Every structure is written in C-alpha cells, then in structure tokens.
Amino acid sequence: MVVATNGEASIEHVTAYVTETVNLFFPRSANDSSSTFRKYAVWINKTITITLGKENDGKDKFLCIENSTYSVICQERFSFHYVNSSYISLRIRSVTFQDAGQYVCQTYFSQAGAGKDPRYEHVQLTVREKPTIRTKEIMSPTAPRSTSPHSEKTAVRPKETNFTIVSRATSHHSGIFQPFFCVLMVVTILLQALFY
C-alpha cells in the first residue's frame with residue numbers, strides 16, 4: 001500500500017489479484033453521525049456509483065448503480081460498510097481486470113450550503129493475474145523420462161559397481177589365502193576322522 005497526497009485528496013495505491021476479494025478503506029468523516037449527514041458516495045471509473053447512507057429511520061442504506069441504472073450484479077459483488085469509528089470499507093468480491101482504476105469517495109450532507117465535504121479520498125486499484133507456482137515432477141530413476149517417441153530415452157544401469165569392487169577384492173586376496181584354506185580343510189577332515 002502506498003499513500004500519496006494531491007491537494008486535498010490523498011491517493012492510496014492498492015494491488016489485488018484476479019478472483020480474490022479486496023477491501024478498500026476510506027477515512028470516515030468526523031460529522032457522519034450528525035443529523036445533516038446524508039451518505040458516502042464512491043465513484044468507480046465514472047461508471048459505477050456506490051452509496052452508503054442513512055434512511056429516515058436511521059438504518060444504513062447501501063445502493064449500487066452502474067451507468068445510471070440499478071445493478072443486481074453490482075449489489076452482489078460490491079458491499080459498503082462501516083468498519084470502525086475511523087474507517088468505512090468498500091469490499092469487492094471476485095475481482096476482475098475491469099475493476100482496476102480510480103475509486104473516489106466523498107461525503108454528502110443535507111445542510112444548505114454544505115452539500116459536500118471538501119475532503120475526498122482516492123484509491124487507485126491495480127489488478128494483476130494471480131501468480132502461479134510451478135513444481136518440477138520428480139521421476140523415478142528406473143522409469144523413462146518421457147513417453148514421446150522423439151524424446152531421448154535414458155537407460156538406467158543397475159548398480160553393479162559395489163558388487164564388482166567386492167568380487168575384485170575377493171579375487172585379489174583369494175590367491176594369498178588359497179593355500180591356507182586348503183590346509184585348514186585337510187586338518188578339519190583329519191580331526192573329524194579321529195574323533196568320530
């Protein structure tokens with residue numbers, strides 16, 4: 001979030017990702033609890049007007065108008081509510097690239113000569129494609145890497161190295177110990193013949 005000032009307006013930069021829900025926060029007027037308060041109005045790219053105001057019975061009233069016409073889709077995707085004593089929030093569900101642009105919020109009063117609050121707020125919304133996470137598939141060392149006829153098949157040799165080393169080591173030392181084993185066998189046979 002980046003906040004810049006431009007005269008009486010403050011500009012907040014917000015980034016959202018496609019299909020997500022985003023909340024745009026605007027400061028509340030210090031006078032929105034007075035009897036002369038009528039509504040907050042947000043303009044979106046000069047085509048959609050969203051208002052949050054008070055009915056005669058004091059209940060909150062939310063209205064969404066697109067191109068000067070009441071819009072059910074607008075009412076479903078946008079919501080406008082009081083967050084706390086300092087902020088109001090415009091919530092956008094299932095964000096699209098068309099939602100990008102400038103959102104301007106202003107406060108209206110019914111008092112004669114003071115229809116608008118001179119202070120207004122800007123939010124610049126940037127919409128981006130949701131980042132994707134790519135994962136590498138781990139292949140088994142004994143399986144071919146691809147089933148394509150054009151792919152280069154890699155033959156995986158069985159692990160013979162250890163056996164080769166062992167057999168070579170045995171054959172190397174077998175020449176030294178061969179006479180010893182022969183004598184040992186003869187002695188064992190003679191001992192068995194004497195005692196059995």
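**Salt bridges, core and surface patch**

Aspartate 99 forms a salt bridge with arginine 77, and the closest N and O atoms of the pair are 2.4 Å apart. Aspartate 99 sits in the loop between β9 and β10, while arginine 77 belongs to helix α1 (residues 72-77), so this pair ties together parts that are 22 residues apart in sequence. The aspartate has a relative accessibility of 6% and therefore counts as buried. The model discussed here is a predicted one, and a search of the whole structure finds two salt bridges.

The other pair joins aspartate 32 to arginine 28, with 2.8 Å between the closest N and O atoms. The two partners can be described in turn. Aspartate 32, at 7% relative accessibility, counts as buried, whereas arginine 28, at 25%, counts as partly exposed. The cut-off behind these labels is simple: buried means under 20% relative accessible area.

Attention now turns to the nonpolar interior. The largest nonpolar core contains 28 residues, and those with the most contacts inside it are Leu24, Phe26, Phe78, Leu90 and Tyr103. Two or more residues each come from β2 (9-17), β3 (22-27), β4 (37-44), β5 (48-54), β8 (78-82), β9 (87-92), β10 (101-109) and β11 (116-128). Of these elements, β4 gives the most to the core, with four residues.

Leucine 90 offers a helpful view of this region. Leaving aside residues up to four places away in sequence, leucine 90 touches Val22, Asn23, Leu24, Phe26, Val42, Ile50, Phe78, Ser79, Phe80 and Tyr103. Among these partners, Leu24, Phe26, Phe78 and Tyr103 are also listed with Leu90 as the residues with the most contacts inside the core.

A second viewpoint is valine 14, which lies in strand β2. Its relative accessibility is 13%, so valine 14 counts as buried. With residues up to four places away in sequence again set aside, valine 14 touches Val22, Leu24, Val123, Gln124, Leu125 and Thr126. Both Val22 and Leu24 are thus touched by valine 14 and by leucine 90. Valine 14 and alanine 100 are 86 residues apart in sequence, and their C-alpha atoms are 9.7 Å apart in space.

The surface also has a nonpolar feature to show. Val183, Val187, Leu191, Leu194 and Phe195 make a nonpolar surface patch of about 540 Å². One of these residues, leucine 194, is found in helix α2 (residues 161-195). Leucine 194 has a relative accessibility of 68% and so counts as exposed, whereas valine 14 counts as buried.

Conventions:
Residues are numbered from 1 along each chain as its sequence is written. This is a predicted model: local features need pLDDT of at least 70, side-chain atom pairs count only at pLDDT 80 or more; totals for chains, interfaces and linings use all residues. Side-chain values use heavy atoms; hydrogens and water are left out. A nonpolar core is a set of buried Ala, Val, Leu, Ile, Met, Phe, Trp, Tyr and Cys residues joined through side-chain atoms within 4.5 Å. Buried means under 20% relative accessible area, exposed over 50%, partly exposed in between (1.4 Å probe, protein chains only). Contact means heavy atoms within 4.5 Å. A salt bridge is a side-chain nitrogen of Lys or Arg within 4 Å of a carboxyl oxygen of Asp or Glu. Patches are made of residues with over 30% relative accessible area and no salt bridge: like charges are joined within 9 Å, nonpolar side chains (Val, Leu, Ile, Met, Phe, Trp, Tyr) within 5 Å. Accessible areas come from the Shrake-Rupley method with a 1.4 Å probe; for residues, only the protein chains shown count as cover.
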